[in-house]
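Visitor: I am new to this structure and would love a close look at a single part of it. Could you take me through its aromatic rings, and then show me what lies around them?

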Amino acid sequence: MEIPSKYNPEITENRWYDYWMEHNYFHSEPDDREPYTIIIPPPNVTGVLHMGHMLNNTIQDLLTRRARMMGKNACWVPGMDHASIATEAKVVAKLKEEGVNKSDLTRDEFLKHAWAWTDKYGGVILEQLKKLGCSCDWERTAFTMDEERYASVIKVFVDLFNKGLIYRGHRMVNWDPEAQTTLSDEEVIYEERQGLLYYVSYQIEGSDEKVTIATTRPETILGDTAICINPDDERFRHLRGKNAIVPICDRVIPIIEDTYVDIEFGTGCLKVTPAHDINDKTLGEKHDLQTIDIFNADATLNSFGLHYEGKDRFVVRKEIAKELEEKGFLIKTEQYMNNVGTSERTKAVIEPRLSDQWFLKMEDLVKPAIKGVLETDDIQFFPKKFDNTYRHWMENIRDWNISRQLWWGQQIPAYYYGDGQDDFVVAETAEKALQLANEKRAATTGNTESLEIKDLRQDEDVLDTWFSSWLWPMSVFNGVTNPDNDEVKYYYPTNDLVTGPDIIFFWVARMIIAGYELRDERPFENVYFTGLVRDKQRRKMSKSLGNSPDALELIKQYGADGVRVGLLLSSAAGNDLMFDEELCQQGKNFANKIWNGFRLIKGWEVTDLPQPEASRLGISWYRSKFNQTLAQIEDHFSKYRISDALMAIYKLVWDDYSSSLLEIIKPAYQQPIDRTTFDALIDIFEQNLKLLHPFMPFLTEEVWHRIADRCPEEALIVASWPNYKPADIELIEGFEFADKVISGIRTIRKEKNIPMKEALEVSVLNEENVALDWDTVIQKLTNVTEISYVDATVEGALSFRVKSNEYFIPISGAIDVEAEIAKIQEELNYTKGFLKSVEKKLSNERFVNNAPEKVIQMERKKQADAEAKIETLEKSLANLN
């Protein structure tokens, strides 16, 4: 089979992915092998491939491919998340373009549009992952809104409600006015923003006296129902029991006292707006204050906003400030840095809002999850630093607001049958709800008249998207609806979870909570947190900044393997990746290096010749070096240092294999290679390909099949991962010594312009016998005809040292002796000056007594190196004179 001169990733990648799919290598069924299970962090159904996905899924793929090669039954489950807020927003926007408002549709009509949109646009990212080489078990593709996952969510809601862990409450929640739904605390992103602090005066009823209150939100004064002072604040003691008048709306409100007010902060007077601030709500409940909500769901003002009704809150802020100023209520404004909560999804400023919502009690649920990560190490985080992040959140957790005012999602299985606050039941089906409703109504009211299905009204809200994805490790194996099925017993708990630290609260912690609560065991064994992908300016990559390259274009330009290598080389666990396209070019260059090395060895003629000693030694050395590196790689994988594992393989293949071994065994120009060496080299090359395959699956599979005709059972994807054998350290150290000798001879050739074709003779003043066995390798790689061992310095020769050995190369007529003497003298003078400065530093008692031990050691090493160099230079000078 003719090998093309250039590696073509595009043709290769398509061919081999089709081959893998055709032979069903990715699919897993329970058997007697050890399972290796990994679940994909389900990307949003609205998503397209970006750099974060590329990094995360490359890591998942290489872990899966390596496990498969290690003989494990590897199962990587793909899927998508329905992404309630994001998807509903896209569907609403699409309908609006078509002249249709969501409010004009019934729920069922809207859901038909949502499913049509999902069918058309959803899953794009999964197809794109195939371009990256992802070996997911596509037959197992799951979707958080498919029938099985939907049923799982409803069942869990009902079970947790029946345990008393889910409740309905009138609480202050985070309201997203753009999506018009509540958000959990974790979905609110706090940003520092420059704003204004408005100082507003309130008239004391029946008096000319006024009090000043500072606020960042003057529009909310229309919802004020009290002014609060500290009972220990002597400045305002005379106001006890009095009332104040709210500007503009002229509402009379009481002045209350509470130690909550900080005497030192602001003016010492606090406006209380129970409907629009969580702390004000607490004060309101404590002092039995009226609650006035001035906002509509979209954050425009309602009828309590008076003449501002229908206007947006931020428009009103400017207009009401102007009115307050015109009427003499606004005393002054100051610049003020404010911590503003924004929606993680829509970026809208969050509005605190009182609402009837569903909550999950978290206080007891988190206890096993805290223990599993922080006490028993049942679950391991990599890197370990994220333990502290996890601890802080779990120990300060609040009840989870799980209801959302949307239509796209799992509809809450609560059914109302009357007007009373408790006239509802929770059930998996309407039929079951009807039975429970009749029983409950009869028990509480004595009314035994039977209700009908049409008398029930299901809760309009859906569940938070994360309430479905927190079940993901078990729901993908039907472990919620059928907890004892063979698949969940075989594949669960899963092994590794690869994700970003930005969803440690949203997803990781909640999956751990669900695992312990619903199955009394961990959902996974290890969590590997990747860093975020940033640009060279350390900015997070995003569409809005325009700093995120097109992932598919990168694959087209550099090949999937090149992009995978480029990403992973700079992706230390938990540390952000500063992405640079040059990394992908480096990956592409590496692929080309492997390809060209393969073309080189396949171009050699093989005959039955005796094996040269240099080749025998080179092969033995490389096998030891391979095993030494394999041990390092296994250690890196055990600690999830994926980039370090790749770098170890990269150096092994680029430096030790390509630059050293191939040079050692390469036959002379147009000469054949012996069969023994060639066969050993092919075996070595195949072992290299096995190590490379998880990182570079396409290139390695292509080369693997070009080495020999192989049946599907012999494909590289299912080949055995190399077995570690003890390395011969003496061989490795011998080569390292010989390599320094080779480097010394090559340096002299380069500096003296001695061409490689001109043979040299080398003499050695030998005090270390370590290099004796390597003379044949040294001679071959440096074109040295003879290495002789001498007892004394060789006069009139250039020299260099390797440890205790001194190497002499006789001067040929081509060298300008006078110029060489001048050059050595110049270097000698410089080195003596450098030594003098180091000795001066080390003779300074103050420096020696105060500098860290490591710094002192470094200076002493500089001193020793300089002294050795001076000795060598002086000998060289003596030889030339």
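Guide: Gladly! Let us begin with the rule for a ring pair: rings of Phe, Tyr and Trp (its six-membered ring) pair if their centres lie within 6.5 Å, and the pair is called stacked if the planes are under 30 degrees apart, edge-to-face if they are over 60, and tilted for the rest. Please keep in mind that this is a predicted model. Counted by that rule, there are 43 aromatic pairs.

Take Phe161 and Trp358 as an example. Their ring centres are 6.4 Å apart and their planes stand at 70°, so this pair is edge-to-face. Phe161 belongs to helix H6 (residues 147–162) and Trp358 to strand E14 (residues 351–360), so the pair ties together parts that are 197 residues apart in sequence. As for their surroundings, Phe161 is partly exposed, with a relative accessible area of 24%, whereas Trp358 is buried, at 0%.

Now set beside this the pair of Tyr416 and Phe424, which is tilted: the distance from centre to centre is 5.8 Å, with 55° between the planes. Both Tyr416 and Phe424 are buried.

Rings can also join up into a group. Ring pairs link Tyr7, Trp595, Phe598, Trp621, Tyr622, Tyr657, Phe685, Phe735 and Trp774 into a cluster.

Some rings have a charged side chain over the face. Arg171 lies over the face of Phe359, 5.9 Å from the ring centre. Lys593 does so with Trp654, at 4.7 Å from the ring centre.

Aromatic residues turn up again where two helices meet. The axes of helix H1 (residues 9–22) and helix H22 (residues 697–707) come within 9 Å of each other and cross at roughly 80°. That crossing angle makes H1 roughly perpendicular to H22. On the H1 side, the residues in contact are Thr12, Glu13, Arg15, Trp16, Tyr17, Tyr19 and Trp20. They meet Pro697, Phe698, Glu701, Glu702 and His705 in H22. Sorted by class, this contact has six nonpolar, two polar and four charged residues.

Two other aromatic residues bring us to the backbone. The peptide bond from Phe382 to Pro383 is cis, with omega near -5°, and Pro383 sits in the loop between strand E15 (380–382) and helix H10 (386–395). Tyr492 and Pro493 are likewise joined by a cis peptide bond, with omega about 0°. Here Pro493 is in the loop between helix H14 (486–491) and strand E22 (494–499).

While we are looking at loops, let me show you two alanines. Ala83 has a positive phi of about 50° although it is not a glycine. You will find Ala83 in the loop between strand E3 (79–80) and helix H3 (84–97), and it is buried, with a relative accessible area of 3%. Ala299 also has a positive phi, near 70°. Its place is the loop between helix H7 (278–286) and helix H8 (313–326). Residues under 20% relative accessible area count as buried, so Ala299, at 2%, is buried.

Definitions and conventions. Residues numbered from 1 in each chain as written. Heavy atoms only, no water. Helix = DSSP H or I, 4+ residues; strand = E, 2+ residues; numbered from the N terminus. Buried < 20%, exposed > 50% of the residue type's maximum accessible area, 1.4 Å probe, protein only. Lys NZ or Arg CZ within 6 Å of the ring centre and 35° of its normal. Axes fitted to C-alpha atoms, helices over the stretch in contact; angles between N-to-C directions. Parallel < 35°, antiparallel > 145°, perpendicular 65-115°, else oblique. Contact = heavy atoms within 4.5 Å. Nonpolar A, V, L, I, M, F, W, Y, C, P; charged D, E, K, R; others polar.
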